[in-house]
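Please examine the sequence and the structure displayed below. The paragraphs that follow lead through the chain one region at a time.

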Amino acid sequence: MAKVTRIDHVAILVDDLQKTVDFWQDALGIQLAHIVDVPAEKSMVAFLPVGGSEIELVKPTTDDSGLARYLEKRGPGMHHICLEVDDIEGMLAHLKEKGIQLINETAVDGMDGRKYAFIHPKSANGVMVELYELPK
Ligand code: CO
């Protein structure tokens, strides 16, 4: 059976990237690796690696994306947790069998050959869960 192998990242939705980096980097001492413009997600993402996982600070760059509407409605804060799995299609099939509501019924091809899919927060006690399968 498909397995969860690690926490890949925790994504936090922010309205002020610099102010948020100041907290995570300057107050907590987690070094900022880089800030990337991700047009596909209509956002800028700051990556702060820690212990083999990452904190991702996500700032919407337009006001018409799902992320922007989420920020508008709920304010800045936790957005999702991302778990690495060894077999994403196998995991999605298993979740469907269990009646778990998925945002992506099949894995989406993302950056650097990785595949991802989101589980609906309705099926995960209010937490949006992203699944990643990294290229071998
Ligand atoms: Co993510």
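Is Lys42 buried, partly exposed or exposed? Lys42 is partly exposed, its relative accessible area being 34%; here buried means under 20% relative accessible area, exposed over 50%, and partly exposed in between (1.4 Å probe, protein chains only). The model is a predicted one, in which local features need pLDDT of at least 70 and side-chain atom pairs count only at pLDDT 80 or more, while totals for chains, interfaces and linings use all residues. Residues are numbered from 1 along each chain as its sequence is written, and side-chain values use heavy atoms, with hydrogens and water left out.

The chain as a whole may be considered next. It contains three helices and eight strands, where helices (H or I, at least four residues) and strands (E, at least two) are DSSP runs numbered from the N terminus. Along the sequence these elements follow the pattern β-α-β-β-β-α-β-α-β-β-β. For 136 residues a compact globule would have a radius of gyration near 14 Å, and the 15 Å of this chain agrees with that; the radius is taken over C-alpha atoms, and the globule rule is 2.2 Å times the number of residues to the power 0.38. The C-alpha trace spans about 45 × 30 × 25 Å along its principal axes. Of the 136 residues, 40% count as buried. Contact means heavy atoms within 4.5 Å, and among contacts between residues at least 6 apart in sequence, 50% join residues at least 24 apart.

The surface and the charges complete this overview. The accessible surface of the chain comes to about 7,800 Å², of which carbon and sulfur atoms account for 54%; the areas come from the Shrake-Rupley method with a 1.4 Å probe, and for residues only the protein chains shown count as cover. There are 14 positive and 22 negative side chains, and the centres of the two sets lie 6 Å apart. In this count Lys and Arg are positive and Asp and Glu negative, with His and the chain ends not counted; each charge is placed at NZ of Lys, CZ of Arg, CG of Asp or CD of Glu.

Which residues hold the cobalt ion as protein donors? They are His9 (NE2), His80 (NE2) and Glu130 (OE), lying 2.0 to 2.1 Å from the ion. Donors are N, O and S atoms within 2.8 Å of the metal (3.2 Å for Na, K and Ca), and water is not among the atoms, so sites may look incomplete. The spacing of the donor residues in sequence is H-x70-H-x49-E. Because His9 lies in strand S1 (residues 4-13) and Glu130 in strand S8 (residues 128-133), the pair ties together parts that are 121 residues apart in sequence. His9 is buried, with a relative accessible area of 1%, and Glu130 also counts as buried, at 5% relative accessibility.

Strand S1 also holds Val4, which is partly exposed at a relative accessible area of 44%. Leaving aside neighbours within four places in sequence, Val4 is in contact with Leu83, Glu84, Val85 and Met91. Val85 itself belongs to strand S5 (residues 77-85) and is buried at 1% relative accessibility. With the same neighbours within four places set aside, the contacts of Val85 include Lys3, Val4, Thr5, Leu131 and Tyr132. By contrast, Val85 and Leu67 are 18 residues apart in sequence and 24 Å apart in space, C-alpha to C-alpha.

Asp87 follows in the loop between S5 and helix H3 (88-97) and is partly exposed, at 33% relative accessibility. Not counting residues up to four places away in sequence, Asp87 touches Ala2 and Glu133. Asp87 and Met1 are 86 residues apart in sequence, yet 8.4 Å apart in space, C-alpha to C-alpha.

Finally, some loop residues deserve attention. Most residues other than glycine have a negative phi. Lys42, in the loop between strand S2 (34-38) and strand S3 (43-50), has a positive phi near 50°. Asn125 likewise has a positive phi, of about 50°; Asn125 is found in the loop between strand S7 (115-119) and S8 and is exposed, at 77% relative accessibility. Asp63, in the loop between strand S4 (53-60) and helix H2 (66-74), counts as exposed at 70% relative accessibility.
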